[in-house]
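Hi everyone, thanks for coming. Today I'd like to walk you through one protein chain, a piece at a time. Have a look at it first, and then we'll start with a question.

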Amino acid sequence: MAQTAGQLLGQVVPVCQWIPQNTPNTTSTIPAYPRFPDNVREWIGFFRTVRLVVEGNAKSRLRENVLLPVEAVLLQGAIFDETPAGFLGSSDHVLCTNNSTVAKMPVEMKTRHNLDLRGYNFWDIYRYNDRRGIMDPNFISDQRRRFDPNFRFKKRILSQIFGEMACNGLHYGILSNYSDTYFLKREETNPTTIYISHVVQPTDTNPTLRECVCYISQLAINDNVGNRLGRVELDSYSYNDDDDDDDSSYHDPDDYDDPYYDPDDDSDGSDDDGDDYTGLRKRKRTSKSSSKPIASSSKGITTVDKYIGGGSFGKVFSGYYDNQDVAWKTCDAYKKQEAMKTLKHEAHIYSILKECQGRDIPRLFYNGYIYDGYLFALALQLIESAHHVDPERLTKEEKKLIVNQLKSIHNCGVLHNDISEKNILYEPKSRHYFFIDFGLSEVVGSESPKLRQEERRLKKFLKL
């Protein structure tokens, strides 16, 4: 018999648990190898890999046991889907409407190792001084917060889900490791404040986890998407140095407030989980008084606006940088490490091609982290009313002009490495052609035979 919505939502859901193997081994054999190994070494990265697997399991369990049953009773065709195209960043699940085109609420998954408040509430421990008594055995203040050696807390975990909400103008969100789930709200009248519920667990009955997810989902579905955070904040640890191509520059500023932070510790006790991934390494600790690389501040309006398009490198949005019309090429700095490396490489290529900017290629106004490290982005000259070139409609002189533009790029020792129709734009207003997308480019030297080969490929494409 089919269950009613109340029965479906009122059920508790299975908990995650390890099932030990208790069956004794009744056989015994003489080992074929020596009893003792010649050497014993640490298996570096074992627990990091386990945590990633566990996070993947938690993600699938939440979807199967909670999100899909709730989805069955939601109205307006709402579903929990992958991140939609126009979403700034990348969330594990997103509640969507209108055939998965309109994002309503992100659902962010973490491992138990990283999201384990051990009975404390987010609002109790968000500030460093409030949690110091739990983390530092030498700190004596509030006796209610006794030292707990297993307690870990990173503000970055909360800033990630907040970034997904605030950067997309969303007012509701879910943060979970499956065992512990929190429900979040932000209001348009006070957009930088986040309201968080008490923890809800799979075995809770009044209300159940499903009932809580259903309730916040209905709020999100009926809510009007608000404004993204007004102006883009160019982060103090962003890099705007054209010669900097370091892909390990990300650092959680909260580490400096962590009494257990060891900048040289790469052991399995570190805070490595799905939002660190391979490329996000902790930087060497420096004195708080030491200078950090600071992005040049924008005096004018700097915003991220409408979605334009995207690809394997990330997503492109229109917007402004210091009152200039720009195309923001963005990627999630927490999860899209390969895309971020590609964008950083592209920024490095643009620095080599300074003489070509604005003439043969778009200008690069900014590269670095934005929105408190949530996104990595390039602010590039917006090619107005641009369209891809069509060799059939080009004159011989126009084709020669495009070839000469590629020669200018080659004279700087750069191989574009991805010559195609989609990577050559025409701007009607200025009547200029621009080569774009240098994520696959190589620095080969101005005498490399690869450059002549690429020139021949371009001529063949243009039918010149």
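How many bridges join strand S14 to S15, and in which direction do the two strands run relative to each other? Take a moment to find residues 424–427, because that stretch is strand S14. There are 4 bridges between S14 and S15, and the two strands run antiparallel. Please keep in mind that what we're looking at is a predicted model.

Let's stay with that pair for a bit. Tyr 426 sits opposite Tyr 433 in S15, and Leu 425 has Phe 434 of S15 opposite it. The two strands form a hairpin with 4 residues between them. In this hairpin, Arg 431 takes a positive phi near 60°. Ser 430 belongs to the loop between S14 and S15 as well. With a relative accessible area of 29%, Ser 430 is partly exposed. Now look across to Glu 384: the C-alpha atoms of Ser 430 and Glu 384 are separated by 8.9 Å, although their positions lie 46 residues apart along the chain.

Now zoom out to the sheet that holds this hairpin. It is an open sheet of 3 strands in the order S12-S14-S15, with antiparallel pairing. Which strands stand at the edges? They are S12 (387–388) and S15 (432–435). Each has a single partner strand, so one side of each is left without a neighbour in the sheet. As a general reminder, strands of a sheet pair through backbone hydrogen bonds.

Something also packs on this sheet. Helix H8, residues 396–410, touches S14 and S15, and its direction makes about 40° with that of S15. A good residue to look at here is Gln 405, which is in helix H8. Is Gln 405 buried or exposed? Its relative accessibility is 6%, so Gln 405 counts as buried. Leaving aside residues up to four places away in sequence, Gln 405 touches Arg 359, Asp 360, Tyr 433 and Phe 435. You have met Tyr 433 already, as the residue opposite Tyr 426.

Helix H8 has a helix partner too. The axes of H8 and helix H9 (residues 449–462) come within 10 Å and cross at roughly 160°. H8 and H9 are therefore roughly antiparallel to each other, and their crossing is right-handed. On the H8 side, the residues that meet H9 include Lys 399, Ile 402, Val 403 and Leu 406. On the H9 side, they include Leu 451, Glu 454, Glu 455 and Leu 458. If the spacing of those numbers caught your eye, here is the general idea: an α-helix has 3.6 residues a turn, so residues three or four places apart point the same way.

Let's move to another helix, H5, which covers residues 155–166. H5 has 12 residues and reaches 16 Å from its first C-alpha to its last, close to the 16 Å expected at 1.5 Å a residue. How many of the residues of H5 are buried? The count is 10 of its 12, which leaves the helix mostly covered. Among the buried ones are Ile 157, Leu 158, Ile 161 and Phe 162. The buried residues of H5 pack against helix H3 (122–125) and against strands S3 (102–109), S4 (172–176), S5 (181–187) and S6 (190–196).

Next, a few backbone details that are fun to hunt for. A cis peptide bond joins Asn 206 and Pro 207, with omega about 5°. Pro 207 lies in the loop between S6 and helix H6 (209–222).

Then compare two residues with positive phi. Asn 98 is not a glycine, yet its phi is positive, about 55°, and Tyr 371 also has a positive phi, near 55°. Asn 98 is in the loop between strand S2 (93–97) and S3, while Tyr 371 is in the loop between strand S10 (364–370) and strand S11 (375–381). Their surroundings are another matter: Asn 98 is exposed, with a relative accessible area of 51%, whereas Tyr 371 is buried at 7%.

Let me finish with the whole chain. It has 9 helices and 16 strands, and 47% of its 464 residues are buried. Among contacts between residues at least 6 apart in sequence, 67% join residues at least 24 apart. Thanks for listening!

Terms used
Residues are numbered from 1 along each chain as its sequence is written. This is a predicted model: local features need pLDDT of at least 70, side-chain atom pairs count only at pLDDT 80 or more; totals for chains, interfaces and linings use all residues. Side-chain values use heavy atoms; hydrogens and water are left out. Two strands pair if DSSP finds at least two bridges between them. Contact means heavy atoms within 4.5 Å. Axes are lines fitted to C-alpha atoms, for helices over the stretch in contact, and angles run from 0 to 180 degrees between N-to-C directions. The expected span of a helix is 1.5 Å times one less than its number of residues. Buried means under 20% relative accessible area, exposed over 50%, partly exposed in between (1.4 Å probe, protein chains only). Angles under 35 degrees count as roughly parallel, over 145 as roughly antiparallel, 65 to 115 as roughly perpendicular and the rest as oblique. A crossing is left-handed if the near helix is turned anticlockwise from the far one by less than a right angle, and right-handed if clockwise.
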